[in-house]
Amino acid sequence: MNIIHLTLKIWRQTGPESKGSFKTYESGPITTAMSFLEMLDVLNERLILSGEEPVAFDHDCREGICGMCGSVINGTPHGPEKKTTLCQLHMRHFKDGDTLVIEPFRSRAFKLVKDLIVDRSPFDAIIAEGGYVSVNTGGTPDANAIPIPTFTAEQALDAAECIGCGACVAACPNGSAMLFVGAKISHLALLPQGQPERSKRALAMVKKMDELGFGNCGNEKYCEKACPKGISISNIARLNREFMKAAFCSVEE
Amino acid sequence: MSWILTVLSSSIGKKYIMAVSGACLSFFLLAHLIGNSVSFWGKEAYNSYASHLHSLGFLIYILEILLLLLFLVHIVMGITLFIENLSARPNRYAVKEKERNWSASTMPYTGILILLFLVVHLVNFHFITKTVSTAELVKTTLSNPLIASFYLLSLSGLTLHASHGFWSLFQSLGINHQKYNKLLQLGGLAMAVIIGTTFILIPLLIVTTDSFLQ
Ligand code: HEM
Ligand code: SF4
Ligand code: FES
């Protein structure tokens, strides 16, 4: 375990309407075993003691499963490690003397709340349009009573890994939510339980996504690279297919 | 039938329009390339190709109108997407992502370069009262170093545009399959490079050699 010192340039903004700017802080001694959020905790304790407002950031589980954390570190959402949430990013990946620029997720659809916190409730609004199964699917089925090929089950589970963190939107130069919506649509479209509402779901979730001000996908793949759960853009292609089938081949409008 | 408008004006619907018009333009590009490649076989062959093309008469007129419509759809939709996407991400990051996807990120800009090229190109060869043979016209026009450099620049832009576009159009239409992804990705890139460099060869040979189309 080593001790490193970092220069932190952090976005400070008191509220949604106020004008924000970067403020530079010295991290003080940081052990490389700390997580990124623990490093921010250390900074905040010092800020509190000195009477300054602590840096507001989102977090909850701190084990990479809830999707609450996330900021943009030197231009990359969730920082430089692949398939890693910010809470699971450890300080051993940085060198003594590094300068880290820490910014909030930026997109029109996610309004800034304070400092590094953005409002990601537009994702909830998209889920509310159909990211669930509302028909009665009965009690717990016997194992293997509904045959699902292993490969299909794996694909559905891979899509279900999405934790709704919003890094895909933050990474996208167009502020598009296609990777998130693609993951949610895929997860249900691949499984038998998702079939009854399949067409309705695709149309409704895309409609909501457009209303909320997310941009259009340009197939630039920044989302896939930023996603802490490794959600593949093949899910975006599946969303494109699902939407096409629902729009042109189903009776739903 | 109002549902069609709803579908096509959605974010995904606009991408379908972009992809289908882009695919049709790609077929035109391929046809145009094959036609112009006849110039590698010399002046007589090229002039004979040109006169055969013009002998199609009325058919060529209809094809031209269709092509114009395709370009309009692709360009108007491309510019719409560009403006919508700018406003969907109003604030940029202070630090830029290090590994950039250049061909994809420059689509609107290479697109506009192609549009400029289109205007110059049509003024050069379409809206002109012809007094000499097609081969002579091409030779004299592209012997101008300024015009030739502009052609080289825009055709490089076209190569970049197509190197993302050829793959992207499949993804936008939902065509993504683990058995074919490599083929689509590499095939798209190869097609773009082959089409681009072959086109580029024409102005390049005209400015660097005396014998081409002589
Ligand atoms: C010979 C000419 C052209 C060909 C063959 C062509 C082809 C394509 C293709 C195949 C795509 C991919 C569609 C997709 O992502 O699904 C594309 C995208 C695009 N094209 Fe073109 N294009 C041409 C000219 C132009 C011109 C003149 C513009 C002028 C503005 C333009 C602007 C765009 C833009 C902005 C995109 C990206 C769309 C997006 O990110 O959603 N293109 N093009
Ligand atoms: S797709 Fe990935 S980046 Fe996007 S919300 Fe889900 S987990 Fe986060
Ligand atoms: S705090 Fe839960 S994923 Fe990071």
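**Cavities and salt bridges in the predicted model**

The lining of the second largest cavity consists, by class, of 12 nonpolar, 2 polar and 1 charged residues. The structure is a predicted model, and this cavity encloses about 100 Å³ of space. It is lined by 15 residues, of which Cys162(A), Cys165(A), Cys168(A), Cys227(A) and Ile231(A) are the closest to the centre. Two elements of chain A, α4 (167–171) and α5, each give two or more residues to the lining of the second largest cavity. The largest share of that lining, 3 residues, is supplied by α5(A).

In total, 4 cavities of 30 Å³ or more are present in the structure. The largest cavity holds about 130 Å³ of space. Its lining is made up of 16 residues, and those closest to the centre are Cys172(A), Cys217(A), Lys221(A), Cys223(A) and Ile236(A). Helices α5 (178–189) and α7 (222–226) of chain A are the elements that contribute two or more residues to the lining of the largest cavity. Sorted by class, the residues lining the largest cavity are 10 nonpolar, 4 polar and 2 charged. Element α5 of chain A thus appears in the lists for the largest cavity and for the second largest cavity.

Salt bridges were also examined. Over all chains, 14 salt bridges were counted. One of them joins the side chains of Arg12(A) and Glu52(A), with an N to O distance of 3.9 Å. This contact links distant parts of the chain, as Arg12(A) belongs to strand β1 (residues 3–12) of chain A and Glu52(A) to the loop between α1 (36–49) and β3 (72–73) of chain A, 40 residues apart. Arg12(A) counts as buried because its relative accessibility is 13%, under the 20% limit. Glu52(A), at 28% relative accessibility, counts as partly exposed.

Glu52(A) also takes part in a salt bridge with Lys23(A), in which the closest N and O atoms are 3.2 Å apart. Here too distant parts of the chain are linked: Lys23(A) is in strand β2 (residues 21–31) of chain A, and Glu52(A), in the loop between α1 and β3 of chain A, is 29 residues away. Lys23(A) counts as partly exposed, with a relative accessibility of 39%. Together with Asp115(A), the residues Arg12(A), Lys23(A) and Glu52(A) are linked in a network of salt bridges.

A further salt bridge is formed between Arg62(A) and Asp41(A), whose closest N and O atoms lie 2.8 Å apart. Arg62(A) is located in the loop between α1 and β3 of chain A and Asp41(A) in helix α1 of chain A, so this pair ties together parts that are 21 residues apart in sequence. The relative accessible area of Arg62(A) is 24%, and the residue is therefore partly exposed. Asp41(A) is likewise partly exposed, with a relative accessible area of 25%.

Notes:
Residues are numbered from 1 along each chain as its sequence is written. Chains are lettered from A and ligands numbered from 1 in the order in which they are written. This is a predicted model: local features need pLDDT of at least 70, side-chain atom pairs count only at pLDDT 80 or more; totals for chains, interfaces and linings use all residues. Side-chain values use heavy atoms; hydrogens and water are left out. A salt bridge is a side-chain nitrogen of Lys or Arg within 4 Å of a carboxyl oxygen of Asp or Glu. Helices (H or I, at least four residues) and strands (E, at least two) are DSSP runs, numbered from the N terminus. Buried means under 20% relative accessible area, exposed over 50%, partly exposed in between (1.4 Å probe, protein chains only). On a 1 Å grid over the protein atoms alone, a cavity is a set of points where a 1.4 Å probe fits but cannot get out, and a pocket is an open set with protein on both sides within 12 Å along at least five of seven lines; lining residues have an atom within 4 Å of a point. Grid points are joined across faces, edges and corners, and a volume is the space filled by probe spheres set on the points. Ala, Val, Leu, Ile, Met, Phe, Trp, Tyr, Cys and Pro count as nonpolar, Asp, Glu, Lys and Arg as charged, and the others, Gly among them, as polar.
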